[in-house]
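Here is a briefing on one protein chain. Look over the sequence and the fold before reading on.

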Amino acid sequence: MSILGIGEEGIAGLGAAARALIGQAELVVGGARHIALASSLIAGERMVWPRPIGDGVAAIAARRGRAVVVLASGDPFFHGVGSLLARHFSREEYRCVPVASCVSLAAARLGWALQEVIVVSCCGHPVARVAAHLYAGARLMVLSADETTPGAVMALLRARGFGESVVYVMEALGGARERVREVGFGVMPGGIDRLNLLAIEVAGAGDGVGCVPGLPDEAFAHDGQITKAEIRAVTLAALSPRPGDLLWDVGCGSGSVGIEFLRAHPRNRVVAVERDGVRAARARENAAALGVGHYEVVVGEAPGALAGLAVPDAVFIGGGAGDEVIGVGWQALRAGGRMVVNAVTIETEAALFAAHRRFGGRLTRLGVERLDRVGRMHGFRPGMTVTQWRGVKE
């Protein structure tokens with residue numbers, strides 16, 4: 001099987017080897033646009049990706065070892081079908097010949113250093129995920145789902161206070177229909193091509209949020225059930241999120257710990273468990289507002305609600321933990337996984353002391369005092385002391 005990138009310039013942008021592979025293929029697979037771009041070279045059977053796309057993968061697998069070509073936009077392994085196929089075929093079963101991705105073309109048009117650009121895909125994802133990357137001075141490239149994405153992103157920028165941003169709508173890059181327009185926030189231009197991306201120089205005194213743990217408590221809607229910013233920063237450090245990790249956030253409340261775990265790396269995953277449906281819904285809304293809409297919530301009570309969940313790399317229990325919940329979470333952890341439990345009551349502290357005796361680990365007492373009014377004067381008002389247990393499973 002050959003996985004070939006093709007740009008909007010069509011076969012004119014392909015090398016001799018890629019052209020020959022298409023001409024000799026007994027089956028050529030791709031989107032309708034890709035098939036049309038290579039149509040003059042195709043002598044064999046054609047297949048537009050079916051829905052579900054898995055049916056197309058099965059059809060390709062049925063012709064293992066034969067001359068099959070899969071066409072994809074630009075670089076097939078950059079937000080493309082290449083990674084899907086690599087999950088079903090070994091590296092020995094395919095060769096990939098990429099061409100420049102739309103992001104590479106956009107950087108070349110604007111003179112931007114590609115390694116300094118943040119790329120966000122809105123193809124199959126909500127526009128709200130752009131919010132996680134908004135800060136003055138950032139350069140973003142947003143891959144649009146269709147012609148409606150630019151307007152939605154512009155609305156998000158305005159709502160977040162970044163209306164001074166410079167936005168370029170870049171359409172059909174590399175082809176005859178290529179167009180690059182700098183757009184203002186007054187009027188969105190009409191006739192935007194369905195095939196487009198946005199390049200954004202973020203500017204303005206908006207409500208962008210920081211990139212280290214410990215976001216302000218005000219960044220989350222909550223009913224008081226929230227791990228406060230200072231304690232949350234220490235908790236995230238104890239959880240030690242690594243790229244691709246899965247966290248169980250047990251008793252998630254406002255979702256603040258799990259949301260910051262997701263923000264630590266785009267590949268991270270969270271399954272939150274919350275028995276209160278109102279709080280669960282609020283946690284989902286907080287996640288969407290902070291650009292991590294892939295936050296997953298299970299409504300139910302631990303430990304029963306933990307049954308059948310994917311094996312976690314880290315477990316956080318924010319309060320009210322008992323011996324049973326801690327034991328179930330510890331048992332589920334993979335080797336090398338981290339468990340962190342915070343306690344403010346003596347009953348939960350007792351469970352932490354028991355966990356320390358059984359599993360080892362580290363016990364820490366955390367105290368925070370915040371300035372507050374005392375009549376017409378000011379003083380530091382202490383919050384409840386938090387006892388934190390952290391264990392690493394051998």
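Two strands count as paired if DSSP finds at least two bridges between them. On that basis, five strands make an open sheet, ordered β3-β2-β4-β1-β5, with parallel pairing. The model is predicted. The chain holds 11 helices and 19 strands.

**Overall**

- The chain has 394 residues, and 45% of them count as buried.
- The C-alpha trace spans about 75 × 50 × 35 Å along its principal axes.
- Among contacts with a separation of 6 or more, 64% link residues 24 or more positions apart.

**The five-stranded sheet**

- Which strands stand at the edges of the sheet? They are β3 (45-48) and β5 (95-97).
- Each edge strand has a single partner, so one side of each lacks a neighbour in the sheet.
- From one strand to the next, the twist averages 20°.
- Strand β2 (residues 27-30) runs parallel to strand β4 (residues 68-73), and three bridges join them.
- In this pair, Val28 stands opposite Val69 of β4.
- Helix α1 (residues 16-24) packs on the sheet and touches β1 (2-6), β2, β4 and β5.
- The direction of α1 makes about 120° with that of β1.

**Helix α5**

- Helix α5 covers residues 102-110, and its buried residues are Val103, Leu105, Ala106 and Ala107.
- The cover over these buried residues includes β6 (118-121), β7 (139-143), β8 (166-171) and β10 (196-201).
- Gly111 follows α5 and has a positive phi, near 75°.

**The nonpolar cores**

- In soluble globular proteins, nonpolar side chains tend to be buried together.
- The largest nonpolar core here has 24 residues.
- Which of its members touch the most other members? They are Leu239, Leu247, Ile259, Phe261, Val270 and Tyr295.
- Elements giving two or more residues to this core are α7 (229-239), α8 (256-263), β12 (269-274), α9 (277-289) and β14 (314-317).
- Helix α8 gives the most, with four residues.
- A second, separate core has 23 residues, including Trp248, Val315, Leu352 and Trp389.
- Leaving out residues up to four places away in sequence, Val270 touches Leu246, Leu247, Asp249, Gly258, Phe261, Leu262, Tyr295 and Glu296.

**The α7/α8 pair**

- Two packed helices are described by the angle between their axes and the distance between the axes.
- For α7 and α8, the angle is about 55° and the axes lie 10 Å apart.
- The two helices are therefore oblique to each other.
- The crossing of α7 past α8 is right-handed.
- On the α7 side, the residues that meet α8 are Arg232, Thr235, Leu236 and Leu239.
- Their counterparts in α8 are Ser256, Val257, Glu260 and Phe261.

**Arg232**

- Is Arg232, a residue of helix α7, buried or exposed?
- Arg232 has a relative accessible area of 0%, so it is buried; the cut-off for buried is under 20%.
- Arg232 touches Ser256, Val257 and Glu260.
- Other contacts of Arg232 are Gly214, Leu215, Asp217, Phe220, Ile226 and Thr227, again not counting residues up to four places away in sequence.

**Strand β14 and its partners**

- Both faces of β14 are covered.
- Ala314 and Phe316 are buried on one side, and Val315 and Ile317 are buried on the other.
- Strand β11 (residues 246-250) runs parallel to β14, joined by four bridges.
- Asp249 stands opposite Phe316 of β14.
- Strand β15 (residues 338-343) also pairs with β14 in the parallel sense, over four bridges.
- Val340 in β15 is the bridge partner of Phe316.

**The α10/α11 pair**

- Helix α10 (residues 323-332) packs on helix α11 (residues 346-359) at about 35°, with the axes 10 Å apart.
- This crossing of α10 past α11 is right-handed.
- Asp323, Ile326 and Trp330 are the α10 residues that meet α11.
- In α11, they meet Ala351, Leu352, Ala354, Ala355, Arg358 and Phe359.
- Leu352 is also one of the residues in the second core.

Conventions: Residues numbered from 1 in each chain as written. Predicted model: local features only at pLDDT ≥ 70, side-chain atom pairs only at ≥ 80, totals over all residues. Heavy atoms only, no water. Core = buried A, V, L, I, M, F, W, Y, C linked by side-chain atoms within 4.5 Å. Buried < 20%, exposed > 50% of the residue type's maximum accessible area, 1.4 Å probe, protein only. Contact = heavy atoms within 4.5 Å. Axes fitted to C-alpha atoms, helices over the stretch in contact; angles between N-to-C directions. Parallel < 35°, antiparallel > 145°, perpendicular 65-115°, else oblique. Left-handed = near helix turned anticlockwise from the far one by under 90°.
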